[in-house]
Every structure is written in structure tokens, then in C-alpha cells.
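Reader: I have a structure to look at and would like to go through it with you. Can we start with how the chains meet?

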Amino acid sequence: MGVKLYKEPKLNNPIMVACWPGIGNIGVIAVDILRRVMAAEELGEIEPWDFFYPRRVLIRGGELKELEFPSNKFYFKKTGKNDVLFFIGEEQPSDGARAYAEGTKAYEMANLVIDVALKFGCHRVYTSGAAVAPIHHTARSRVWVVPNMGALIDEVKSYENTVLMSDIEDRNGQGNITGLNGLLLGVARKRGLEAICVMGEVPIYIHGFPIPYPKGSKSVLEVLSTALGIEVSLDEIDALVEQSENEIDSVYEKLPSDIKEQLDKLKYVTYAKPSEPEPITEEDKRKILQEIDRLFKREPGGD
Amino acid sequence: MSEGQPFKLFTKPKLESSSLVVAWNQDVGKVGAGVVDYLNRKLEGREFAEISPEGFFSLGGVSVEEDIAQFPESKFYWCQENSLVIFKSDIPQYEWYRFLGLVLDIAEKYCKVKEIYIVGGMVSAAAHTMPRILLSVVNSTDMKRVLSHHELVSDMDYETQDGQRPTFSSFLLWAAKRRNIAGASLWVTLPFYLLAADLQACKKLAEFFNAHLELSIDLSDIDEEVARQNKEIAQVRSKYPDLDGYISKLEGNLSLTVDESQKLVREMEEWLRKRR
């Protein structure tokens, strides 16, 4: 079980950005765009067979040619200032029954990622994911930020369009970050490394569906580019946002008017401080989710 | 008993070089498990090791199949005179690569295994009166050459389709290749309406191993069993004209409707259950 490095570049004061898939693929979309825009080079990989069941076999002429596993790759980019290391996992290791990693395998994988971060002298790690929030899909997603050390609070508060858990009504600064995007914060803390998780908001009525939510990714991308001090063109993500919004709008338009009326209330909700009109009740929420579920199941195509 | 190890070694086999035959209990029609049971019986295979289920199976209770409580088993047998090792196991639910590593460790360390054959069944739409076909997938060109004088379909092209995943046999074949152990998975076709007991498919695999590994097994008992089963199916056909009609269509290379197929499967399963 281990890491295979293709090269060992000397990196200057590097920062790591790590990500695994999750709700709306918010983190992975953002981090992958950042990696491509920066033209980061492949650095190595975590050998996948200890963590995953293979997903594809290739047999040609009666001979097994290839067995393919989900990839877990490291990339790097020299910037002349703070160099950047990326880790992108295609899947979270699990026992097959759960969507998110937990237990021994997840802990082993998180430690391997941190091993590489420390080997190259990283002083900080960013992870990324999604935050399910009572927002409307036409609203700009905010970014929930969770650092693993108190000393980072002032810094993360300074990032534009971000909120802390304590800014969110009824949370009192508490919550959970499921899976490896969260676990990595803990493992980094245990091993003395600063880490910050940035989570783009996804509307509560969309998060349960297996579709990407690029609007959340865009907000994450903006925060990461600020944090890393890198200017990133938003053209690609803007195109994805437009396409996704059109698709969501077309489903939204087909919702019964009473349901749409309820969901429209979310346009006015600033959930840190609910205001007029009245917030959606739990019963409303149940009905809305049922209706959206029915619509998505009926809709052909999509993601 | 091997303390602190994920397996128990009951005895150390005395083998200088050997072949390993692997079968999974979850195989289609249990044909793989059926053939290794047959080889074990005929060659008086002796159990020598067992992989412990902890860490590989959920162990959250037991499943019940055909009224009997099941429990995962992963056992090794050896047949000294034939330099043959047999591994029969349930497919693990977790830690697949570690499990396969353990299988190969035991095979290499205690049995000096040089080649691996993984056996299994493949559902076919052909009638039971048609010959069974043996397909092979190898992990090296050397193994392809070794098998070239047998009558096998050995030029298959295949790629995992969306929503499916590779078989555990492919995983083992790949893991063996990483250790430079030559391997082949062998798939025998069996009619879709005889998945509960296709002796002809077992016979096909037994014949292959008898010839390839020079086992000198007298196969007359399985021949008799096959002949008896065929005779009984012929009786069923004469008694139930509609079933006869379905099988005749298959014999004429015609396909059945979903309803016809389901009825054929149901009636044959019922008959096989009564027969047992």
C-alpha cells in the first residue's frame, strides 16, 4: 500500500489543494478546473488496488490487457511564489454500502495524502466540498469555511463571500463534514498541518440528485484562487453554470405552482437571519422534495 | 494453527511445483464449485489451509440458502500425486486485494504454485442438447500458448460495460500477473434453464483438467450422471409438450419470448427440485 511518485521536484513553500467527489461534485469541479487552468503536471498517485474494487477490465484476443481502478493522483505547479500541489481522488474508498469514506481505509488514504504534503514541505492544505443550504438556485452560492486551527479564523473570515459555521442560524459553530474532504482536516491537524475546508453551497432541493452544481463550484474556485493568490479565468466555469442553470430552470418551470411558490421564498432567505416572507416549514420542505424527486425521475436526460 | 495470521495452516503440503484451480461459491450455476468438489473427491484432496473470514466478510449474521444457514469459507486442498492445489471460496466483501494477496502468498509459499486456473460458468441461450463451449481468458501470451492445443474459444474481446464491474476472477488473474504467475480463467457455457444443475458443464471442465493436467481420472461416473440427466429431461419433454416446444425452438436456433423463457426456467427448476 503506498504512493508512487513519478518525479520529485523541489517545491517552494507549497500549498496543497486536495479533493474527493461529493454532493454536486462541487469540490472536484472547482479543483480540477484550477489544476487545468494552472497546467499542473502529474506528480504521482496512490496505488488504488488496496482501496478500490476495479471498475473496468479490458480483454483483447482472449488476453487480459488492463484492469482499471479509480484514480487518485497528485499534480504540482511551480508558480514562482507559493507552489501548488494538487490531489484529486476519483472516488472515496468505501465498503460498497456507503457513498462516503469512513473507517480504516479512509484514515489510511488521508494519511498517505498528508505524507506527500509533508514530504514536499507543504505548510497548508485546502480541501473542498459542498454545504447543503436553504438557498435558491438563482442565488450566488456562498462558501462555508472550516479551519482546523483557531489561529486561522481571522484569515478565513477575510475571504470574500464566506461564512463560518457560527454565522449560520442554529448551528452555534457546530456541524459535520462527511467523508475524506472532512477527515483530511482532522488528520492534518493531528500531524501539525494547517488545513481549511471550503464548501460551496448547494440548494437543499437539489443536493439529493446525482447532478453537478457548478454554481457552488464557482464560488469555491473564487475563494481558492484568492487564497492561493492566483488569477483564474472563470470562462469555463461560467459556461458550466449557465448550462446547469438552464437545465434546473427547465425542471423548475414544470413544478406545480404551489411548490414553486414555496421554493421562491428561498430567494429572500438569508438563513443567518430569516425575514419576510415566512420561512418554509418542515412539512413544506417534505412536499417540495417529493415533488422535485418526482420531476427528476420523470425527466429524461440530464446528468 | 498459525497464531496471529489471517489464515490457518493445518499441514504443510509437500509439493515441488503445482497448479492451482480456483472456484468461487457465488459462481453462476455453481459449476466452478461443482467441478472442484468433483476433482477433490476423485483425487482425494486434503484440506491444508483456511483463510479466516475476519476483515473480509461482514459477519453480521448468516445468510440462509435452500433452508440452510451459510457461512463464508475459503479453503485450500492439495492432491500430492497430481501436484494439484484447489482453492474454493466465497467472494470476499471487503479488502479484495489483500484477500487475493493472501491466496497467492499461500499458493506460492506452501505449494510452489506455477500456474492458476480459475473456473466458472457463463449463461448461454443454447439448448442443453448442444455441446458446452469452454472459453478462456489468459494473463500472458505464454499461457495462451500452453492452452493452444485444447479446444477453447480463446480470442474473446471484452470491455466492462457501464453499470457493470469486472469479475473477481479477472481481479485474481490480474493480481497473479503482477507476480508473474501464469493464469487463465475458464468459462463454460451452461443453458439458462439448467443453472441449478448442469452436469454437462461440470463434465466439460473435468475433461479439460483431466487432459491438461494429466490427472487420469475415470470420468465414467459423471458420464453416467449426464446420461441419466439427459434421459430424465427427455422424459420431461415428452410429458410436457410446451416445454418440449420451447427446447425444440432453442435447438433450431430460434429465440424464446420472455414469457416462454421464464416458463421454461420455472418448470425446469421445479422439476430439478423434485428430483433432488
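**Where the chains meet**

Author: Chain B puts 22 residues into the contact and chain A puts in 16 residues, two residues being in contact if their C-beta atoms, placed from the backbone, lie within 7 Å. This is a predicted model, where local features need pLDDT of at least 70 and side-chain atom pairs count only at pLDDT 80 or more, while totals for chains, interfaces and linings use all residues. Residues are numbered from 1 along each chain as its sequence is written, and chains are lettered from A and ligands numbered from 1 in the order in which they are written.

Reader: Which element gives the most to the side of chain B that touches chain A?

Author: α4(B), with four residues. Helices (H or I, at least four residues) and strands (E, at least two) are DSSP runs, numbered from the N terminus.

Reader: Which strands pair across the chains, β4(A) and what?

Author: β10(B); the two pair in the antiparallel sense over two bridges. Strands pair if DSSP finds at least two bridges between them. Leu58(A) has Glu159(B) as its bridge partner in β10(B).

Reader: And within chain A, what does strand β4 pair with?

Author: Strand β5 (residues 63-68), antiparallel, over five bridges. Ile59(A) is opposite Leu64(A) there. The hairpin has two residues between the strands, and Gly61(A) takes a positive phi near 55 degrees.

Reader: Back to α4(B). Which residues of α4(B) does α2(B) meet?

Author: Phe171(B), Leu172(B), Ala175(B) and Ala176(B) are met by Trp96(B), Tyr97(B), Leu100(B), Gly101(B) and Leu104(B) of α2(B).
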